[in-house]
Amino acid sequence: MVKWAENLLAAGKSADATVISLRANTLDPGSASAVRTAMKALALSGERSEALGRYEAFRQRLEEAGAEPDDETLALLKRVQQERSWKLPDSVPTDTEKGAEVRRAPLIGREDKLAHLVSVWAGVVSQGRAAASVIEGDPGTGKTRLAEEMVARARLDGATVATVRAVEADTDGSGLLGLARGGLLHGPGLATASPRALGAFASEIPEWADRFGLPRGDVLVLSDAAIEIVRVLAGERPVFILVDDAQWCDRETLLALNAMLRDLSALRLHVCISTAPQPSRQELDNIRSRIGRDLTGTTVSTDKLSDAALRELVAWAVPAYSDEQIDRLTRRVASDSAGLPLLAVELLHAVALGLDPEETKGAWPQPLKTLSQTLPGDLPDTIVAAIRIGYRRLSKPAQQVLAAASVLGDHVTEKPLEACTDVTGAELNAALDELEWQRWLTADARGYSFVARIVREVVLEDMVTDGQKRRIREKGRGKGA
């Protein structure tokens, strides 16, 4: 049963894995492997407190028998404790009888792709070799979601994880600085790197300067410093690096990643890249071309959901529907979303909350147009209505924050959001957690961005008045927006 649950986790079926692993834990409460699998499944499902509760019950049982948890279980405990505990604010309305009360849908139709990625990561950990994974697909096809699944697994496996999300405005070195902020600073063993390598980042990033002091002499160029620092960190524990939306990443960062994979090939390093096919980047093509030749790894492509996957998603979203209703809704979702997971989940979320697709109209996408070329006015009424419903379902603070973020743009931070809204302190943190958990925003060390450009445009056009936009921009300018 433990092996079965582990296989389900590898395929992204955290909910099913949770059921099986909890059953195994119940059958043998003293089994360390069973409790560890249950803790992983619960943590990957966002149930951090339940995972910790399972450990505590296990510890108490061992204590009664005069024993203590083993080192592997204790190490997993520490990693679960460091994970974020996702809990929506009490003000957020939910309906536990509906499968889509939140927009964090199960990973459906991507199980084989996740299994490939997990296999590559397992090889990095067990065989001590560098590897690269490329997740390629059009906007809205679930690249970021796959990458997030890998990040969560790497963290639970005890890796040093660094992530960055690239944007069009990135300049040379932006990605490396983002990775330095986004996880490298917290890797064990970092202090053993040379002063020249540490100084390269300390001269650019206040957090590094606070820890290591400003450099007193010459420093390495950022790319060389990053390679040395990753070498030091990978000598302590596996390193997982994610660059999301890498098609926008600066050239210096992509060249540095390629050099890492070449120079650190005998270390436990996994570079994961998610990218859209356009714009084409020679630096990314170079990494792709090495996979299978002198570099271990895999390339997976995300595309539209199949009819079978859409039907499974519909059945999750509206479990009370009959087979005939599920078939009818599946056909409508396939038509209106063009099979894109992003829009399918938006639509099903709204249907679960009361939207009747039969009352709206519109065909999509327009001939020869992709999601990245689509304007809000081009979307079917059902999709725009679905986004509106999801927005109105948010708590009032989250609505204010999301509206401000749509105006301020990519990598917006807490200070300008506080300046542009009435939401501050703990209330702002709760609103951001709500928006991230419900997949409106995604975060890295540089700030918050919309998960999808098209959703930002709908919010900007439909939810924010011209006067509000002007006031938000004026207030945001004074806070570094």
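Helices α15 and α16 lie oblique to each other. This is a predicted model, and that pair is a good place to enter it. The two helices span residues 323-337 and residues 341-352. They pack at an angle of about 135 degrees, and their axes are 9 Å apart. Roughly antiparallel would need an angle over 145 degrees, so α15 and α16 count as oblique. Their crossing is right-handed.

Now look at the side of each helix that faces the other. From α15 come Leu-329, Val-333, Asp-336 and Ser-337. They meet Leu-343, Ala-344, Leu-347, Leu-348 and Val-351 of α16. By class, this contact holds 7 nonpolar residues, 1 polar and 1 charged.

Move to a second pair, α4 and α5. Helix α4 covers residues 48-64, and helix α5 covers residues 71-82. Here the packing angle is about 155 degrees, with 10 Å between the axes. That angle is over 145 degrees, so α4 runs roughly antiparallel to α5. The crossing of α4 and α5 is left-handed. On the α4 side, Arg-48, Ala-51, Leu-52, Tyr-55 and Phe-58 make the contact. On the α5 side, Thr-73, Leu-74, Leu-77, Val-80 and Gln-81 do so. The contact of α4 with α5 divides into 7 nonpolar, 2 polar and 1 charged residues.

Last, the cysteines. A disulfide is a covalent bond between the sulfur atoms of two cysteines. With a cut-off of 2.5 Å between sulfur atoms, the count is 0 disulfides. Cys-249 has 2% relative accessibility, which is under 20%, so Cys-249 counts as buried. Cys-272 has 0% and therefore also counts as buried.

Technical notes: Residues numbered from 1 in each chain as written. Predicted model: local features only at pLDDT ≥ 70, side-chain atom pairs only at ≥ 80, totals over all residues. Heavy atoms only, no water. Axes fitted to C-alpha atoms, helices over the stretch in contact; angles between N-to-C directions. Helix = DSSP H or I, 4+ residues; strand = E, 2+ residues; numbered from the N terminus. Parallel < 35°, antiparallel > 145°, perpendicular 65-115°, else oblique. Left-handed = near helix turned anticlockwise from the far one by under 90°. Contact = heavy atoms within 4.5 Å. Nonpolar A, V, L, I, M, F, W, Y, C, P; charged D, E, K, R; others polar. Buried < 20%, exposed > 50% of the residue type's maximum accessible area, 1.4 Å probe, protein only.
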